[in-house]
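I opened this one to see what surrounds the ligand, and then to look at one of the sheets. Here are my notes.

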Amino acid sequence: MTPERTVATPAPSIPDSFGRPAVNSWDEFTRLREVVVGDATHIRLPEQADPSAWLSCFPKLTRTELGKLEVGEVPAQIVEETNEDLAVLCASLRGLGVTVHQPAIVDHGVEFATPHWRSAGFTSYCPRDLTLVVGSTIIETASPTRSRYFELFGLRPLFQDYLLRGATWLAAPRPRLLDELYLVDPDGLPDLGESEPVFDAANVLRLGRDLFYQVSRSGNELGLRWLESVARLLGDIRVHPLRGIYGYTHIDSTISLLRPGLVLLNPGRIKPDAIPEPLRGWDVLWCPPLRRSAVGPPTLSEHWISMNLLMVDEEHAIVDADQPELIAAIEGRGITVLPHRLRHAQLLGGGFHCVTLDTVRVGGPENYLD
Ligand SMILES: NC(=[NH2+])NCCC[C@H](N)C(=O)O
């Protein structure tokens, strides 16, 4: 029986002695001070008859191919090995002086319902996906994936404590996720409609006062409009839509912001003449060919997940240990790589950026673009 986990590192419920809010995270690369690391306990593959599951998990598989998949609980060995890898990551981060939290255990096997649909849960492996932190504001995003509807309850105690210590805590309009939101494209494959604002937080990258929002099957145009409305509330925040770059789930195996002026780009998805306009003039590190693991059952992410990395600060990166060419390329730009393993990153759809949610970094609302 998995021990019920309370939120690790109980924090004082008062602002710190300097009155700073407990949460401050404006970018992807300044010195990391506090982070949430995911947990694979009870992870399961959602029923693929659910259109939202097909859209988020296997949008390139046909319905026929989908029907052959084994869904439900992920084999225990994979869960154990993944939690071992996450424990090593937590220990490394703590060894670097980072405060580390993990979500309370959520039994994703429990079924739930709205007046319009039923589902069981999915995962707590990727805290990046459902929470966007902009400065001292925690934004719970409205995911288009039904099986993730209650996932964030595992982080409620932590977010509530952050609120008591000065953070702002917002949630996107609770989505209805009606069938009309899930379309089928001319090739008979799933696509995301525009009947309500939905997006995963992992469709957004933060660069000080600038946010990059990927319009794709995991974030629609209405979701962009909602984020723009919140950006106006938060002050002088600019939102840059990214369209036509990668039409599938999340942005963080396509673009990795390494430090001001240096970006890692996925050459399989971005061509030199299509670099996002705000990043033109930046030094581009094109991701070298990545080593592929043995092909098994369909996986929740492509092999590009290995470029999904975590910057501890502008000089140190946590990168997939099994990618020596990528490590060498990053170290060639003066960044020290701290190699780590997530043995099932591709299968479970999450690399080091996905499985973390940075809640405190030292950077502020800088203007890195002008
Ligand atoms: N935050 C995340 N879970 N990102 C994962 C992105 C994986 C992406 N769909 C790929 O296959 O490359």
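Before looking up contacts, I fixed my cut-off: a polar contact is a pair of N or O atoms within 3.5 Å. I also kept in mind that this is a predicted model.

Ligand first. I found 14 residues around the ligand, with Asp-129, Thr-249, Asp-252, Ser-253 and Glu-302 as the closest. Then I went through polar contacts. One pairs a nitrogen atom of the ligand with an N or O atom in the side chain of Tyr-246, at 3.0 Å. For Thr-249 the partner is a polar backbone atom, 2.8 Å from a ligand nitrogen. Gly-349 also offers a polar backbone atom, and here the distance to a nitrogen of the ligand is 3.1 Å. How much of the ligand does the protein bury? I get 96% of the 350 Å² that the ligand exposes when taken alone.

Next, the sheet. I see 3 strands in an open sheet, ordered β18-β19-β20, with mixed pairing. β18 (310-313) and β20 (336-340) are the edge strands; each has a single partner strand, so one side of each lacks a neighbour in the sheet. On average, neighbouring strands are turned by 30° against each other, ignoring direction.

I checked the β19 (residues 316-320) and β20 pair: they run parallel and are joined by 5 bridges. Asp-320 sits opposite His-340 of β20.

Last, the helices. Helix α3 (residues 76-95) packs on the sheet and touches β18, β19 and β20, its direction making about 145° with that of β20. Helix α6 (residues 324-331) lies across β19 and β20, at about 155° to β20.

Definitions and conventions. Residues numbered from 1 in each chain as written. Predicted model: local features only at pLDDT ≥ 70, side-chain atom pairs only at ≥ 80, totals over all residues. Heavy atoms only, no water. Pairing = 2+ DSSP bridges. Helix = DSSP H or I, 4+ residues; strand = E, 2+ residues; numbered from the N terminus. Axes fitted to C-alpha atoms, helices over the stretch in contact; angles between N-to-C directions. Contact = heavy atoms within 4.5 Å. Near = heavy atom within 4 Å. Polar contact = N/O pair within 3.5 Å; in protein donor to acceptor, adjacent residues only side chain to side chain. Areas by Shrake-Rupley, 256 points an atom, 1.4 Å probe, with all protein chains shown as cover.
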